[in-house]
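Biologist: I would like a close look at a single part of this model, namely its interior and the way the chain is arranged around it. Please take me through that part slowly, with the cut-offs behind each term.

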Amino acid sequence: MLRLFILTNRLRHMKLTLLLYLPFFLANLWVTVYVCWSDGQRRLIPNQISKWVLLINTIAAIAYGFIWSSLPIALLCFAVLLLLWFANVFGAGDVKLLSAFTVGIQPDLLMPALVTIGIFGGIQLATMYLWAKVNQFKAFEKGIPYGIPISLSCLIFTALSALSH
């Protein structure tokens, strides 16, 4: 009987956790879809989207209890990415988007998230290059939409952060 009671309580807690997690995941999913479309088509990540990402992930980090450990890392990330923007490596939209998503990623998952961004970015670059070669046009003339691998990777790692809290 005690085992049944413990199992029931665990299931109830799991349902409440998923109910708390679902709105954040759906909001991040919507943002990710929009960023992929916008950056892919226009090479533009609107400031309003980065503000929404920051708001969504700040509330999530507060709800999951890791805001005070992720916020300083997000600020450091912003400072480093700003230097990359000055060096014309990243676009300003990419800097703001990644910094905003970083708030919603647990610090111990940030390095795997950055590695995943690199892997997704490499796959994207190879695909763009091959597609351009096959179709006889310049692949990187309009720039590289880094927002796509950033948002896809961060969607995964914000979800993992929420599920592992």
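Modeller: What follows goes from the whole chain to its core, and then to the parts around it.

This is a predicted model, in which local features need pLDDT of at least 70 and side-chain atom pairs count only at pLDDT 80 or more, whereas totals for chains, interfaces and linings use all residues. Residues are numbered from 1 along each chain as its sequence is written, and side-chain values use heavy atoms, with hydrogens and water left out.

The chain has 6 helices and 0 strands (DSSP runs numbered from the N terminus, H or I of at least four residues for helices and E of at least two for strands). Of its 165 residues, 37% count as buried (under 20% relative accessible area, with exposed meaning over 50% and partly exposed in between, for a 1.4 Å probe and protein chains only). Among contacts (heavy atoms within 4.5 Å) between residues at least 6 apart in sequence, 74% join residues at least 24 apart.

The largest nonpolar core (buried Ala, Val, Leu, Ile, Met, Phe, Trp, Tyr and Cys residues joined through side-chain atoms within 4.5 Å) has 32 residues, and those with the most contacts inside it are V31, V53, Y64, L97, L98, I150 and C154. The elements that give it two or more residues are α1 (2–42), α2 (47–64), α3 (67–86), α4 (92–102), α5 (107–135) and α6 (147–163), and the largest share, 6 residues, comes from α2. As background, nonpolar side chains in soluble globular proteins tend to be buried together. V31 is in contact with I49, V53, I56 and F101, once its neighbours within four places in sequence are left aside.

F101 belongs to the buried residues of α4, which are G93, D94, V95, L97, L98, S99, A100, F101 and T102; in other words, 9 of the 11 residues of this mostly covered helix are buried. T102, which is also in α4, counts as buried because its relative accessibility is 1%. Not counting residues up to four places away in sequence, T102 touches S70, I73, A74, C77 and L110.

I150 and C154 also take part in the packing of α5 with α6, where L109, P112, A113, T116, I117, F120, G121 and Q124 in α5 meet I148, P149, I150, L152, S153, C154, I156, F157, L160 and S161 in α6. The residues of this contact divide into 13 nonpolar, 5 polar and no charged (Ala, Val, Leu, Ile, Met, Phe, Trp, Tyr, Cys and Pro count as nonpolar, Asp, Glu, Lys and Arg as charged, and the others, Gly among them, as polar). The two helices pack at an angle of about 150 degrees, with their axes 8 Å apart (axes being lines fitted to C-alpha atoms, for helices over the stretch in contact, and angles running from 0 to 180 degrees between N-to-C directions). That makes α5 roughly antiparallel to α6 (over 145 degrees, whereas under 35 is roughly parallel, 65 to 115 roughly perpendicular and the rest oblique).

Outside the core, N88 lies in the loop between α3 and α4 and is exposed, with a relative accessible area of 70%, while its phi is positive, about 60 degrees, although N88 is not a glycine.
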